[in-house]
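Colleague: I am new to this structure and would like a close look at a single part. Please pick one spot and walk me through it in plain steps.

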Amino acid sequence: MATKKYALGIAFSGGGAKGAAHCGALQALHEYGIRPDIVSGTSAGSLVATLYASGFAPKQMVELFQGLNFFRDVVMPAIPKGGLFDSRPLMELLQKNLPYTRLEELPIPTVVVASDLDHGVPKIFTKGEIAPRVVASCSIPVLFRPFTINGVHYVDGGAFKNLPVSAIRDKCETVIALNLNHLEEGKFKDNLISVASRSFMMMMVSNITADAAQADIFIELDTSGCTAYDMSKIEELFFRGYDSTVKVLEEKGYQRVLPKEKIVFPKKKHLPDVFLH
């Protein structure tokens, strides 16, 4: 059997603000001496993947979003044509903070997954400007306007591949899959944002199974009780993601190579997400 190009790949699922748990998972992997040779990400997972590949430490990723309000600082209201919100603030945040412009420049090869709305197929990006492709991958249908790249309209990659193991499976000897999403019972909220986001969550959860089965190590990160748009719990999610990952690594026989780092986040006031109420 031919040796595959990369020894280890990590696939990051989508999940909005719950993506902070990915950062905690990366901290745990670092302390156990596990570093990927390639990463893939969908939606919030693409954001974490590109920040990580750009050289951001897990703690720095969380600090970048601390104190922000999702519906004020990450997206902004738009005239409801194609979507309720515009993702320009996220685009500007990425362009301002990423030290690289294009995917092919990243020190760690990075795959960003979006959904091609015009042709009805998943889109695997490995080249091109980072910020537009990450925003395309994060554009949840109905809530956010489809994002146009080279005349093609894209929506959230979670419509087809919310856990993008298959995007890198044939290139890697081993793939670790980090999943943020499991469907919890929820009280019905009679507003468009809640109905659209829960419906899309059901779609994402349903397409995770096939990709999860292709992973060598599947880690279900604890995001219970958290929503994709509430950024007030991102510090807590970091530590939950860390603990979930340590538990699985220990069960798999991995041994710590670095002592547990004491992570302390600066206190920042979180603004309420008024659109969710």
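Modeller: Start at a turn. Strands β5 and β6 form a hairpin, with four residues between the strands. In that hairpin Gly 120 takes a positive phi near 65°. Keep in mind that this is a predicted model.

Now follow the two strands away from the turn. β5 covers residues 110-116. β6 covers residues 121-125. The two pair in the antiparallel sense, over five bridges. For one matched position, take Ala 114: its bridge partner in β6 is Lys 123.

β5 has other partners too. One is strand β9, residues 152-156. This pairing is antiparallel and has three bridges. Ala 114 turns up again here, opposite Asp 156 in β9. So which residues does Ala 114 bring together, given the cut-off of at least two bridges for a pair of strands? Ala 114 faces Lys 123 in β6, and Ala 114 also stands opposite Asp 156 in β9.

Then there is strand β2, residues 38-42. β2 and β5 run parallel and are joined by four bridges. Here the position to find is Ser 40, which stands opposite Val 111 in β5.

Next, is β5 covered or open? Seven of its seven residues are buried. Look at the faces in turn. In a regular strand the side chains alternate between the two faces of the sheet. On one side of β5 sit Thr 110, Val 112, Ala 114 and Asp 116. On the other sit Val 111, Val 113 and Ser 115. The residues on both sides are all buried, so both faces of the strand count as covered, buried being under 20% relative accessible area.

What lies around these covered residues? In soluble globular proteins, nonpolar side chains tend to be buried together. The largest nonpolar core in this model has 65 residues. Within that core, Phe 65 and Ile 176 touch the most other members. A second, separate core has 15 residues. Val 111 of β5 belongs to that second core. Ile 38, Val 165 and Ile 208 are also among its members.

Go back to Phe 65 in the largest core for a moment. Leave aside its neighbours within four places in sequence. Phe 65 is then in contact with Leu 47, Leu 51, Leu 93, Met 231 and Ile 234.

For contrast, move to helix α5, residues 88-97. Lys 96 lies in this helix. At 72% relative accessibility, Lys 96 counts as exposed. Lys 96 and Ala 131 are 35 residues apart in sequence, yet 9.8 Å apart in space, C-alpha to C-alpha.

Burial is not limited to nonpolar residues. Visit helix α1, residues 20-31. Gln 27 sits in this helix and is buried, with a relative accessible area of 4%. Glu 31 is in α1 as well, and at 1% relative accessibility Glu 31 is also buried. The side chains of Gln 27 and Glu 31 make a polar contact at 2.9 Å. The side chain of Glu 31 also reaches the backbone nitrogen of Glu 261, at 3.0 Å. Glu 261 appears among the contacts of Gln 27 too, along with Pro 58, Phe 238, Tyr 242 and Ile 263.

That completes the walk from the turn, through the strand, to the helices.

Conventions:
Residues numbered from 1 in each chain as written. Predicted model: local features only at pLDDT ≥ 70, side-chain atom pairs only at ≥ 80, totals over all residues. Heavy atoms only, no water. Core = buried A, V, L, I, M, F, W, Y, C linked by side-chain atoms within 4.5 Å. Buried < 20%, exposed > 50% of the residue type's maximum accessible area, 1.4 Å probe, protein only. Contact = heavy atoms within 4.5 Å. Polar contact = N/O pair within 3.5 Å; in protein donor to acceptor, adjacent residues only side chain to side chain. Pairing = 2+ DSSP bridges.
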